[in-house]
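Please work through the exercises below with the sequence and the structure open beside you. Each task is followed by a solution that proceeds step by step.

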Amino acid sequence: MQQSFKSYFLALSAFCLSMVASQTLAKDIGQTLRDNSIESGFHNNYIELGMQAFYGTGPTFSETSDHIAIINIIINGSYQWDDFFIEMHGEDARGLSLGYNAWNSENWSFDILASDSFGQSQYENRLWARQELKHWRDGGNWIVGGRLMGYFGNNMVQFTLQHDATNDHKGNLASLVLGRSWQLRNWNVHSMIGVEFGDEKLNNFFVGVDKRRASYYDLPRYKSGNSISYSAEIGVTYPISEDWVFKAATRVTSLDDSIVDSPFYQTKKSSAVSVRTSINYVF
Amino acid sequence: MKNMKTLIVFIFALASLLTGINASADEAIKNAALLVTPERCIALHRGQMCYLDVTINWHTYHANDYCLINKTDNKVVTCWKDRKQGTHSFEFQGVQSTDYSLQDPTGRDVANAKVVVAWVYKSTKRTVSTWRLF
């Protein structure tokens with residue numbers, strides 16, 4: 001019981017530390033900005049394998065620690081067949097996305113996509129979540145919806161609206177992210193700000209404590225509400241050679257009380273900060 | 001008859017002289033070298049401006065007036081007077097590979113070199129179109 005409770009805390013800590021940030025700073029706009037390739041319709045077919053060092057601090061499910069530090073392997077990739085595409089960007093821990101590019105114009109692009117990302121966007125310690133947290137592992141992860149991206153010179157905007165595809169919680173997620181990238185000689189700098197809305201169905205699935213969970217974990221019952229969170233990120237990408245890329249970024253995310261007030265959180269903070277750096281081999 | 005002999009001798013002499021000059025020029029080109037260090041500039045993706053601090057070293061067989069030419073835009077980078085070797089450092093900026101040559105006063109390339117621009121991500125562009133779902 002105690003072990004399960006601890007695991008649950010660790011997993012939910014990951015949720016708090018990174019999920020909201022990752023969701024807000026979606027990988028698609030994030031990857032575009034990191035590539036410094038803002039141009040409507042550009043698509044990279046590639047796969048890269050990286051070694052990443054990550055440090056994050058914020059509200060956690062642990063009574064004794066408010067931070068996570070890990071070194072892990074990340075896989076980033078993207079491939080397009082005609083108008084269908086598959087994407088995976090481990091640095092955002094967004095899991096897998098399958099999509100269809102439905103429309104392009106000079107400045108706008110609209111994709112329909114399904115993402116295995118919601119419950120696995122905990123890049124800080126998503127392995128713990130996957131291995132230990134049954135309801136995250138078994139359901140609620142696939143979301144479907146659309147994303148609209150606008151490209152204006154060095155600036156980019158992305159709006160996503162997604163719904164639970166598994167019917168486990170029937171939750172909804174909406175996000176708006178603004179970003180900019182620019183070049184300092186061969187260094188590529190990017191910055192993003194974003195806001196994300198998650199409805200109470202979605203939040204309750206991950207951090208709510210219903211009667212069954214309350215009994216199992218010996219916690220008071222808790223019903224989460226809708227949440228709004230804000231994120232900002234700044235980072236750099238540098239091409240070391242034709243095959244190697246260096247990346248570094250830092251991100252700060254404000255967390256909604258409706259999430260942090262969950263009794264799963266033992267260390268309560270209203271914001272999460274993370275720093276990550278990686279060396280990636282591009283195939 | 002004597003005039004004819006003189007003319008033939010003159011033609012032979014002129015031909016020999018011209019051949020000698022060409023041979024000398026070919027020899028000069030064969031012994032000339034233009035070296036770029038480093039040779040490769042790496043950008044993140046295709047079409048991005050690439051920056052590289054480049055040093056060019058050259059030497060030839062004969063001292064002469066030479067100019068370093070950017071062959072892509074046919075602009076003079078720098079020139080030297082009565083030299084048989086030289087060096088020049090500058091910041092390369094380009095979105096594509098660029099050829100350089102060392103030219104003598106007649107405009108002939110005596111040596112060539114290239115700065116290669118390469119990319120990590122080889123982007124391809126989607127077609128711009130209207131809705132395809134309906």
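**Exercise 1. Decide whether helix α5 of chain A is mostly covered or mostly open, and list its buried residues.**

Solution. Begin with the extent of the helix in this predicted model: α5 of chain A spans residues 200-207, and 6 of its 8 residues are buried, so that the helix counts as mostly covered. Next, name the buried positions, which are A:Leu202, A:Asn203, A:Asn204, A:Phe205, A:Phe206 and A:Val207. Finally, set the helix against its chain, where buried residues make up 59% of the 283 residues.

**Exercise 2. Trace the barrel of chain A, and examine how β6 is joined to β7.**

Solution. Start from the inventory of chain A, which holds 7 helices and 13 strands. Then follow the closed barrel of 12 strands, which runs β2-β3-β4-β5-β6-β7-β8-β9-β10-β11-β12-β13 with antiparallel pairing, the twist from one strand to the next averaging 20°. Within chain A, β6 (residues 108-116) and β7 (residues 142-152) run antiparallel and are joined by 9 bridges; in this pair, A:Ile112 stands opposite A:Gly146 of β7(A). As a last step, consider the contacts of chain A between residues at least 6 apart in sequence, of which 66% join residues at least 24 apart.

**Exercise 3. Find which elements of chain B build the largest nonpolar core, and which residues B:Val115 touches.**

Solution. The core has 23 residues, and those that touch the most other members are B:Leu34, B:Val54, B:Ile56, B:Phe92, B:Tyr100, B:Leu102 and B:Val115. Two or more residues come from each of β1 (33-37), β2 (40-45), β3 (50-70), β4 (75-94), β5 (98-103) and β6 (109-121) of chain B, with β3(B) giving the largest share, 7 residues. Leaving aside residues up to four places away in sequence, B:Val115 touches B:Val36, B:Glu39, B:Leu52, B:Val54, B:Phe92, B:Ser97, B:Thr98 and B:Tyr100. Apart from this core lies another, of 8 residues, among them A:Val245, A:Val282, B:Leu44 and B:Ala118.

**Exercise 4. Identify where chain A has pLDDT below 50, and say how such stretches should be read.**

Solution. First take the average: chain A has a mean pLDDT of 78, and 76% of the residues score at least 70. Then locate residues 9-27 of chain A, where the pLDDT is below 50 although the stretch has 102 contacts in the model beyond near neighbours in sequence. Residues 119-133 of chain A also fall below 50, with 50 such contacts. Where pLDDT is low, the predicted coordinates should not be read in detail.

Key: Residues numbered from 1 in each chain as written. Chains lettered and ligands numbered in written order. Predicted model: local features only at pLDDT ≥ 70, side-chain atom pairs only at ≥ 80, totals over all residues. Heavy atoms only, no water. Core = buried A, V, L, I, M, F, W, Y, C linked by side-chain atoms within 4.5 Å. Buried < 20%, exposed > 50% of the residue type's maximum accessible area, 1.4 Å probe, protein only. Helix = DSSP H or I, 4+ residues; strand = E, 2+ residues; numbered from the N terminus. Contact = heavy atoms within 4.5 Å. Pairing = 2+ DSSP bridges. Axes fitted to C-alpha atoms, helices over the stretch in contact; angles between N-to-C directions. pLDDT = per-residue confidence, 0-100.
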